[in-house]
Amino acid sequence: MSELQRRERAAVNGGELLRLLLADKRSDSTKRAYAADLRDFFGEELSPREVEQFVTLPPVEIARLLTRYKSELLGRGLAEATVNRRLAALRSLLKFCYRLGWSQTDGRSLVEGERVVAYRDTRGVSAAVVKQLFTAADTRDLTGLRDIALLRLLCENALRRAEVCSLSVADF
């Protein structure tokens, strides 16, 4: 370790690392989620000393801890996406510390994420069903013309029902 890295490490403690890591994130929701995820791993107190000890462990030991933590998360019945986000927060911490010379690993390839299982079909309706909807509308009155306009908005712009319902004349 160089003298500059030693001085930098002395100036920044584990608590400062977390503050800098979260400040490095752009999205407020990411900051909140990562802070909560790190508290889940390190405990509510988020001891700076514990954070410092974790990031300075050898990669094999970090991999062991992350594997145990992933197993615990799955044992709690958390969704795959939640498990993956919590692991991503820890990988982000390791990557950040690696860039600063605090960690021997950037967190990649230490533990695999969970495969996310889709919980619903989001493909929409088939082209045949869309054609049936257009032919079913009675275009001889204003209600039918309105229905055709709404169907065109939905289908041609890939809008969701709530998005079409919230539209106003000013949007056009």
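Q: How many residues apart are R152 and E156 in helix α8, and about how many helical turns is that?
A: In this predicted model, both residues lie in helix α8, which spans residues 142–156. R152 and E156 form a salt bridge, with their closest N and O atoms 2.3 Å apart. Their spacing in helix α8 is four residues, or about one helical turn.

Q: Is R152 buried, partly exposed or exposed?
A: Exposed needs over 50% relative accessible area, and buried needs under 20%. Its salt-bridge partner E156 passes the upper mark at 55% and is exposed. R152 has 43%, so it is partly exposed.

Q: How many salt bridges does the count come to?
A: A pair counts when a side-chain nitrogen of Lys or Arg is within 4 Å of a carboxyl oxygen of Asp or Glu. D147 and R146 make one such pair, at 2.8 Å from N to O. By this rule the count is 15.

Q: Which residue forms a salt bridge with D24?
A: D24 sits in the loop between α2 (14–23) and α3 (28–42). Its partner lies in helix α6 (residues 80–99), 75 residues apart from D24, so the pair links distant parts of the chain. The closest N and O atoms are 3.3 Å apart, and the partner is R99.

Q: Is R99 buried, partly exposed or exposed?
A: The cut-off for exposed is over 50% relative accessible area. D24, at 41%, counts as partly exposed. R99 reaches 53%, so it counts as exposed.

Q: Is D147 buried, partly exposed or exposed?
A: D147 meets R146 in a salt bridge. R146 has 47% relative accessibility and counts as partly exposed. D147 has 27%, and because the middle class runs between 20% and 50%, D147 is also partly exposed.

Q: Which residues are linked in a network of salt bridges?
A: Here the salt bridges join up into a network. Its acidic members are D37, D40 and E72. Its other members are R76, R85 and R86.

Q: Which residues make the nonpolar surface patch of about 230 Å²?
A: One member lies in the loop between α6 and α7 (127–136): V125. At 56% relative accessibility, V125 counts as exposed. The patch is made by V125, V129 and L133.

Q: Is I148 buried or exposed?
A: I148 is found in helix α8. Setting aside residues up to four places away in sequence, I148 touches F134, A137 and T139. Its relative accessibility is 16%, and the limit for buried is under 20%, so I148 is buried.

Q: How far apart in space are I148 and T135, C-alpha to C-alpha?
A: In sequence the two residues are 13 apart. In space, C-alpha to C-alpha, I148 and T135 are separated by 9.2 Å.

Q: How many disulfides does a search of the whole structure find?
A: A disulfide is a covalent bond between the sulfur atoms of two cysteines. The sulfur of C155 has its closest cysteine sulfur in C165, at 14 Å, which is too far for a bond. The search finds zero.

Q: Is C97 buried or exposed?
A: C155 is partly exposed, with a relative accessible area of 37%. C97 has 0%, so C97 is buried.

Q: How many helices and strands are there in the protein?
A: From the N terminus on, the elements run α-α-α-α-α-α-α-α-α. The protein has nine helices and zero strands.

Q: What is the radius of gyration of the protein?
A: The globule rule gives 16 Å for 172 residues. The protein is well over that, so it is more spread out than a compact globule. Its C-alpha atoms fill a box of roughly 80 × 35 × 30 Å along the principal axes. The radius of gyration is 25 Å.

Q: What percentage of the 172 residues count as buried?
A: The protein exposes about 11,800 Å², and carbon and sulfur atoms supply 52% of it. Of its residues, the buried share is 28%.

Q: Where is S109 found?
A: S109 has a phi near 65 degrees, a positive value in a residue other than glycine. S109 is exposed, with a relative accessible area of 72%. Its place is the loop between α6 and α7.

Q: Phi of A158 is near what value?
A: A158 lies in the loop between α8 and α9 (161–165). A158 is exposed, at 66% relative accessible area. Its phi is positive, in a residue other than glycine, and is near 55 degrees.

How values were computed: Residues are numbered from 1 along each chain as its sequence is written. This is a predicted model: local features need pLDDT of at least 70, side-chain atom pairs count only at pLDDT 80 or more; totals for chains, interfaces and linings use all residues. Side-chain values use heavy atoms; hydrogens and water are left out. Helices (H or I, at least four residues) and strands (E, at least two) are DSSP runs, numbered from the N terminus. Buried means under 20% relative accessible area, exposed over 50%, partly exposed in between (1.4 Å probe, protein chains only). Patches are made of residues with over 30% relative accessible area and no salt bridge: like charges are joined within 9 Å, nonpolar side chains (Val, Leu, Ile, Met, Phe, Trp, Tyr) within 5 Å. Accessible areas come from the Shrake-Rupley method with a 1.4 Å probe; for residues, only the protein chains shown count as cover. Contact means heavy atoms within 4.5 Å. A disulfide is a pair of cysteine sulfur atoms within 2.5 Å. The radius of gyration is taken over C-alpha atoms; the globule rule is 2.2 Å times the number of residues to the power 0.38.
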